[in-house]
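I opened this notebook to keep track of what I looked up, one entry at a time, for a reader who has not met this structure before.

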Amino acid sequence: MCKIDYLGTGLCSSGEQNHYVSHFPQGRMDIYHALCRGLIPVTAGLVEIAESCDLCGICDKQCHFVTGLRPLEVMKALKSYVRQWLKQGNQPVQPGNDPDLEKLRLIVGDKWASNDPAILLTYADDPFPLAEMRMPRYVVLPRTREEVANLVRFANDRDLPYVVRGNGGSVFGFVFSHGLVMDMNRMKGIEIDPENWTARVEPGVTSFELQKEALRHGLRANTAEPAATVCGNIVCTGLFSTWSNAYGVNADTFVDMEFIDSRGDFFRLNDPGAPNAFCFEHKLTPPPGICTLAHVRLHPTTEDEEGLMIPFDDFEEAVLFARELGRRRIGLAVGVLGGHYLSTFMSPSAELADKVRYGLSQALGIGCVVFMIGDRFARQAVRSMHELVIDSKLFKMLMLGLPRLADDEWLELVSGMDTDKPPYAMLLSREMHSLLEAVLRPSPETAALAVDEDLRDFYTRLYARPEMTDMVWLNMFRIISARMSRRKHMFAFLVYVPLDRVEVTRQICTELGRIADSHGIEHDYGFLTPLDMGKRGILEYDYYIDHQDPLEKEKIRQALKEFEPYLDNLSATTKGVKWLKYIFSQGCARKEAFLYT
């Protein structure tokens with residue numbers, strides 16, 4: 001997330017100029033960690049990386065918003081360590097040149113190919129607990145499709161293994177190689193075709209960057225998390241989100257894609273002789289090649305779009321309601337959000353999220369909410385179907401008054417109300433809005449009470465911006481969904497399910513929960529979004545582990561022996577069920593090929 005300007009703070013100037021992960025705050029944290037463990041020497045590149053940081057503090061704001069971390073202390077420590085090391089008369093290690101490195105530099109330019117350990121290290125690891133560190137021999141940052149093709153041919157000639165990396169967003173250990181890592185961060189071209197509602201994007205373009213450019217034209221993309229590259233997401237898993245209710249998944253989301261195959265030759269998916277990436281095979285398959293351009297679909301927006309949340313105390317009722325919205329083609333984005341998702345999304349800090357989650361479920365009786373974005377006609381339809389909703393005005397009130405909503409005395413008062421209905425039905429009724437506003441005193445200043453005192457001025461200015469409490473904007477750009485790994489690394493299970501049989505979804509959640517409990521793993525239901533007029537849905541269930549704790553790594557390793565055969569068997573034997581494991585690298589497939597087989 002430190003590689004995209006999602007808060008309007010600007011970017012780390014060193015990262016923006018140099019592009020390598022090592023020059024971003026993320027990379028500097030990895031480097032300092034590696035120095036502590038003695039994994040790398042102080043190299044000439046490491047000295048440059050440390051000195052290039054101007055301690056501007058942007059990283060503290062960006063990183064705290066999604067993770068609660070304050071990496072500026074690490075930036076200071078790295079700079080101090082290197083300066084002290086140099087004062088002691090030490091000389092940085094100069095990585096040696098070799099013929100292969102020289103040839104790589106002829107392809108991409110001297111600056112954009114490296115074998116410096118301080119750069120290589122930041123491409124060697126990710127939070128996936130079951131993947132070991134793999135240091136590459138080289139990292140390259142191509143700028144053009146021709147350079148990518150030449151790199152593939154070079155790797156073939158030298159029998160050098162390689163992988164392609166978008167923004168490093170893989171959390172399953174898929175972006176590592178002992179050979180060559182191609183980082184696509186410099187390939188940032190975006191071309192919007194407003195007449196055809198499409199965009200052409202290069203492989204370094206992130207979801208946030210495409211969404212921002214599309215919105216300038218009154219259009220919207222169906223994208224994943226903001227830091228995820230669009231091309232990489234399509235190829236890996238297919239694009240899906242709450243907007244998939246209206247916009248579809250996988251092959252629905254693009255017009256054409258350009259690839260470079262294993263020989264270094266170009267092809268487009270719509271070429272008559274191209275490999276059939278639109279098909280689906282129920283097995284693990286390699287990707288069709290390296291995507292160098294995606295021609296993606298965009299969708300028009302209207303000025304009257306707003307969000308609604310419909311609270312439920314019963315999960316099954318919520319799923320059936322979301323399915324009904326899908327069947328009736330009501331709304332654009334639709335999702336059933338669990339309490340953990342909702343509280344984490346809304347809360348500026350992990351501590352407040354825990355309180356809010358307890359308050360929502362225990363005091364207010366909200367088990368989950370159906371989230372919907374639609375125009376005024378869709379909202380009228382929803383209100384006619386369900387009497388109690390959280391509209392945009394009430395949502396803003398809750399967001400800006402959240403620290404006081406979690407107050408123990410207030411929650412005890414609400415939960416003690418004498419009523420036959422769930423407490424939230426009384427609290428969220430229109431008659432209670434004025435009282436709620438008086439108690440919460442919603443304001444940017446109140447929302448900022450949840451964070452460290454020295455950050456409160458920044459958060460006050462941030463929450464004064466209207467988009468930060470706008471359900472439509474937040475769901476389009478998804479900057480708050482990045483908070484899901486704030487406490488621990490999220491190990492997500494994504495499964496396509498039949499929505500006409502809610503018991504199948506409940507069984508999956510129950511069994512994944514049982515397996516987690518038996519191994520002492522934190523877990524929770526995430527979300528569910530209807531697809532294809534409510535016929536199918538995409539379910540997420542989450543495990544949470546500390547990926548740096550060897551004991552927790554072993555827990556997930558043992559749990560793997562149970563959940564993998566369970567989901568494998570269910571995917572092979574139950575109509576409408578397909579574990580996303582089998583969609584990996586088949587993200588270009590037509591959804592009908594895996595949803596109805």
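Is Trp197 buried, partly exposed or exposed? I looked this up before anything else, and Trp197 counts as partly exposed because its relative accessibility is 43%, where buried means under 20% relative accessible area, exposed over 50% and partly exposed in between, with a 1.4 Å probe and protein chains only.

Before going on I noted that this is a predicted model, in which local features need pLDDT of at least 70 and side-chain atom pairs count only at pLDDT 80 or more, while totals for chains, interfaces and linings use all residues. I also noted that residues are numbered from 1 along each chain as its sequence is written, and that side-chain values use heavy atoms, with hydrogens and water left out.

**Entry on two loop residues**

I placed Trp197 in the loop between β5 (190-193) and β6 (198-201), taking helices (H or I, at least four residues) and strands (E, at least two) as DSSP runs numbered from the N terminus. Its phi is near 55°, a positive value in a residue other than glycine. I then found that Arg329, which is not a glycine, has a positive phi of about 55°, and that Arg329 lies in the loop between α12 (315-327) and β12 (333-338). With a relative accessibility of 47%, Arg329 counts as partly exposed.

**Entry on α12 and α24**

From that loop I turned to α12, whose axis comes within 10 Å of the axis of helix α24 (residues 502-518) and crosses it at roughly 130°; axes are lines fitted to C-alpha atoms, for helices over the stretch in contact, and angles run from 0 to 180 degrees between N-to-C directions. The two helices, α12 and α24, are therefore oblique to each other, given that angles under 35 degrees count as roughly parallel, over 145 as roughly antiparallel, 65 to 115 as roughly perpendicular and the rest as oblique. I listed Phe315, Glu316, Val319 and Leu320 of α12 and Val502, Thr505 and Arg506 of α24 as the residues that make the contact, where contact means heavy atoms within 4.5 Å. In the contact of α12 with α24, four residues are nonpolar, one is polar and two are charged, with Ala, Val, Leu, Ile, Met, Phe, Trp, Tyr, Cys and Pro counted as nonpolar, Asp, Glu, Lys and Arg as charged, and the others, Gly among them, as polar.

**Entry on α22**

Which residues of helix α22 (residues 456-463) are buried? I found Phe458, Tyr459, Thr460, Leu462 and Tyr463 to be buried, and the buried residues of α22 pack against α4 (58-67), α16 (392-400) and α21 (444-448). Looking at α4 in particular, I saw that the axes of α4 and α22 come within 11 Å and cross at roughly 70°, which makes α4 roughly perpendicular to α22. In this contact Lys61, His64 and Phe65 in α4 meet Phe458, Tyr459, Leu462 and Tyr463 in α22, and by class the contact of α4 with α22 has five nonpolar, one polar and one charged residues.

**Entry on His386**

I found His386 in the loop between α15 (376-385) and α16, and at 18% relative accessibility His386 counts as buried. Leaving out residues up to four places away in sequence, His386 touches Ile310, Pro311, Phe312 and Phe321.

**Entry on the sheets**

I traced an open sheet of seven strands in the order β11-β13-β12-β15-β16-β14-β17, with antiparallel pairing, where two strands pair if DSSP finds at least two bridges between them. At its edges stand β11 (306-312) and β17 (578-579), each with a single partner strand, so one side of each is left without a neighbour in the sheet. Within the sheet, β12 and strand β15 (residues 522-531) run antiparallel and are joined by two bridges, and Leu337 stands opposite Phe527 in β15. Helix α13 (residues 339-346) lies across β11, β12, β13 (368-374), β14 (489-498), β15 and β16 (536-545), and runs at about 105° to β12.

My last look was at strand β10 (residues 290-300), which is largely enclosed by the rest of the structure because nine of its eleven residues are buried. Four bridges pair β6 with β10 in the antiparallel sense, and Arg200 stands opposite His295 in β10. Strand β8 (residues 254-260) also runs antiparallel to β10, joined by six bridges, with Glu258 opposite Leu293 in β10.
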